[in-house]
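Trainee: Could you take me closely through one part of this model and describe its surroundings with care?

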Amino acid sequence: MRILGIDPGYNIIGYGVIETNGCKVVDYGVITTPKTMSISSRLHTIYRATCELIETFKPEQVAFEELFFNTNNTTAIPVAEARGVLIVACKEYLDKLFEYTPLQIKQALTGNGRAEKKQVQFMVKNILGLSSVPKPDDAADALAVAICHMQTSSVMADNSI
């Protein structure tokens, strides 16, 4: 099965595509939107880029990291808008969309829901047999979401959105 993991954002959206048969990376990277663009143009860019990812890689399921705002609430609305666009774009192609909290992702990859970012990145690298940690961090986070879904999807079917 092919899974697309998405780390939602507004300036930078991380994506990671894995193949569960053999636990292999298909691709990873980021979608970026320049700060000079209008909000509507940025959202449209996110929508089109997400559609292109799905058309190119043909995932069977998509997993999102749930939004979590700790200290920087000023970006909450634009990130939520971008997440909505990501969900709509994915729903155009697939019925199976899932979401996981940061705690669930850390727990699935490291066994510790309070793991540090470096620990999660180390596990992404090792689980996928990569020579180095994927960069940028948003892409590594998206791969972590995909791995989390791969490891927990059979028991977390109620996480669909």
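A buried proline and the helix pair beside it

Mentor: Proline 134 lies in the loop between α4 and α5 (137-152), where helices are DSSP runs of H or I with at least four residues, numbered from the N terminus. The model is predicted, so local features need pLDDT of at least 70 and side-chain atom pairs count only at pLDDT 80 or more, while totals for chains, interfaces and linings use all residues. Residues are numbered from 1 along each chain as its sequence is written, and side-chain values use heavy atoms, with hydrogens and water left out.

Proline 134 has 0% relative accessibility and therefore counts as buried (under 20% relative accessible area, 1.4 Å probe, protein chains only). Leaving aside residues up to four places away in sequence, proline 134 touches Tyr28, Val124, Ala140 and Leu143, contact being heavy atoms within 4.5 Å. Its C-alpha atom is 9.8 Å from that of glycine 16, although 118 residues separate the two along the chain.

Val124 leads on to a helix pair, since helix α3 (residues 102-110) packs on helix α4 (residues 117-127) at an angle of about 50°, with the axes 9 Å apart. That angle makes α3 oblique to α4, a class that excludes angles under 35 degrees, over 145 and from 65 to 115. From α3, the residues in contact are Lys106, Leu109 and Thr110, and from α4 they are Gln119, Val120, Met123, Val124 and Ile127. Sorted by type, the residues of this contact are five nonpolar, two polar and one charged. Val124 thus belongs to the contact with α3, and Val124 is also one of the residues touched by proline 134.

Key. Axes are lines fitted to C-alpha atoms, for helices over the stretch in contact, and angles run from 0 to 180 degrees between N-to-C directions. Helices (H or I, at least four residues) and strands (E, at least two) are DSSP runs, numbered from the N terminus. Ala, Val, Leu, Ile, Met, Phe, Trp, Tyr, Cys and Pro count as nonpolar, Asp, Glu, Lys and Arg as charged, and the others, Gly among them, as polar. Buried means under 20% relative accessible area, exposed over 50%, partly exposed in between (1.4 Å probe, protein chains only).
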